Amino acid sequence: MNQALDALLDLLDLEQIEEDIFRGMSRSALVPRVFGGQVAAQALVAAGRTVPADRSPSSRLRSSGGGPDAHSLHAYFLRPGDPGAPIVYTVDRIRDGRSFTTRRVVAVQHGQPIFHLSASFQTCEEGLEHQAAMPDAPDPETLPTAAEMLPRHLPGPVAERLIEARAAVDLRYADVPPWGTVGQPREPRSQVWFKTNGKLTDDPLLHVCLATYVSDMTLLDSVLLAHGRGGWAVGDVVGASLDHAMWFHRPFRADEWLLYDQESPSASGGRGLGQARIWTQDGRLAVTVIQEGVVRVPR
């Protein structure tokens, strides 16, 4: 297994310190705060570990066997996280129904909440089926890797930090990212293929948590494209996630290629909205994602 992926799995393998209370650590990020995707993924791990046994056969994140079927999550980023301090996740068991289980998770650092998550899990059911058509996208194997593409558009030290930060994931842009076309506004749409750099166990919760982790990496890129801004990588905007929602429609594997098709319908008031769909390579709609973030031009 890729060492970076193994380190990420260790990061998501939370320590249980009391019933419904878990503790997680952080990794260094490009900015002096905890990466939002990490907090969201860890909170989902904490929620999933309290789901009833009939919906969560595995007691540990990386153990073999099945896991709960995540239905949706809705989250708010309240304060910047301190990457040098542990994060404590407290789970509130809101409801255990016949079909749906609901959990609320609060992440706390230094005595203050930094993140709030509501997550829903569902038993497997049969029902009506339809989906939108998958958009056209290039074959991911024909696209440059991050290590090949990033140095073409960013200064060496910045490119190296981005490559290191994303080493657990093979993430490939279908087009030039925003920091490669600064000053050239274009359609606010971006496509990225991604998968983990290594095989994973079959635990569904693990794959959902890793997709949650990656979902916060590029979603606001489409906002930047509309204005010809390069973003946080080049310092021409100040940004941070505000809220994040995901709906999990169909099973998928995070260690197989997934297309992250993203667009921005609006930006105003110092905020930008991104919406996206995640597709399996064979055309199944797996996830819908919506996020709003702070997007401010420094004065």
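1. H110 is exposed in this predicted model. Its relative accessibility is 62%, and the cut-off for exposed is over 50%. H110 sits in the loop that links β5 (100-109) to β6. The backbone deserves a look here: H110 is not a glycine, yet its phi is positive, at about 50 degrees.

2. D20 also has a positive phi, about 65 degrees, and is not a glycine. D20 belongs to the loop between β1 (15-18) and β2 (21-24). Is D20 buried or exposed? D20 is buried, with a relative accessible area of 14%. The limit for buried is under 20%.

3. Q122 is part of strand β6, which covers residues 112-122. Its relative accessibility is 25%, so Q122 counts as partly exposed. Which residues touch Q122, once neighbours within four places in sequence are set aside? They are D69, H71, S99 and F100. For a distance check, take G97, which is 25 residues from Q122 along the chain. The C-alpha atoms of Q122 and G97 are 9.2 Å apart.

4. Next, the packing of α2 on α5. Helix α2 spans residues 36-48 and helix α5 spans residues 204-218. Their axes are 7 Å apart, at an angle of about 160 degrees. Angles over 145 degrees count as roughly antiparallel, and α2 and α5 are therefore roughly antiparallel to each other. The crossing of α2 and α5 is right-handed. On the α2 side, the contact uses G36, G37, Q38, A40, A41, L44, V45 and G48. On the α5 side, L205, V208, C209, T212, Y213 and D216 take part. By class, the residues of this contact are eight nonpolar, five polar and one charged.

5. G48 is one of the α2 residues in that contact. Its place is in helix α2. How accessible is G48? Its relative accessibility is 0%, so G48 counts as buried. A119 is 71 residues from G48 along the chain. In space, the C-alpha atoms of G48 and A119 are separated by 8.6 Å.

6. A second helix pair is α3 (residues 146-153) with α4 (residues 156-165). The axes of α3 and α4 come within 8 Å and cross at roughly 155 degrees. What does that make their relative direction? With over 145 degrees as the cut-off, α3 and α4 are therefore roughly antiparallel to each other. The crossing of α3 and α4 is right-handed. A146, A147, L150 and P151 of α3 meet A159, L162 and I163 of α4. The contact of α3 with α4 has seven nonpolar residues, no polar ones and no charged ones.

7. D255 is a loop residue, placed between β9 (238-248) and β10 (258-268). D255 is buried, with a relative accessible area of 6%. Which side chain makes a polar contact with that of D255? R253 does, at 2.9 Å. There is also a backbone partner: the nitrogen of L200 lies 2.9 Å from a polar atom of the D255 side chain. Neighbours within four places in sequence aside, D255 is in contact with K195, T196, G198, K199, L200 and H207. L200 therefore needs no separate check as a contact residue of D255, given the 4.5 Å limit for heavy atoms.

8. R284 lies in the loop between β11 (271-280) and β12 (285-296). R284 is partly exposed, with a relative accessible area of 32%. The side chains of R284 and D282 form a polar contact of 3.4 Å. Outside the neighbours within four places in sequence, R284 is in contact with Q131, R250, P251, I278 and W279. How far is R284 from R33? They are 251 residues apart in sequence, and their C-alpha atoms are 35 Å apart in space.

Note on methods
Residues numbered from 1 in each chain as written. Predicted model: local features only at pLDDT ≥ 70, side-chain atom pairs only at ≥ 80, totals over all residues. Heavy atoms only, no water. Axes fitted to C-alpha atoms, helices over the stretch in contact; angles between N-to-C directions. Helix = DSSP H or I, 4+ residues; strand = E, 2+ residues; numbered from the N terminus. Parallel < 35°, antiparallel > 145°, perpendicular 65-115°, else oblique. Left-handed = near helix turned anticlockwise from the far one by under 90°. Nonpolar A, V, L, I, M, F, W, Y, C, P; charged D, E, K, R; others polar. Buried < 20%, exposed > 50% of the residue type's maximum accessible area, 1.4 Å probe, protein only. Polar contact = N/O pair within 3.5 Å; in protein donor to acceptor, adjacent residues only side chain to side chain.
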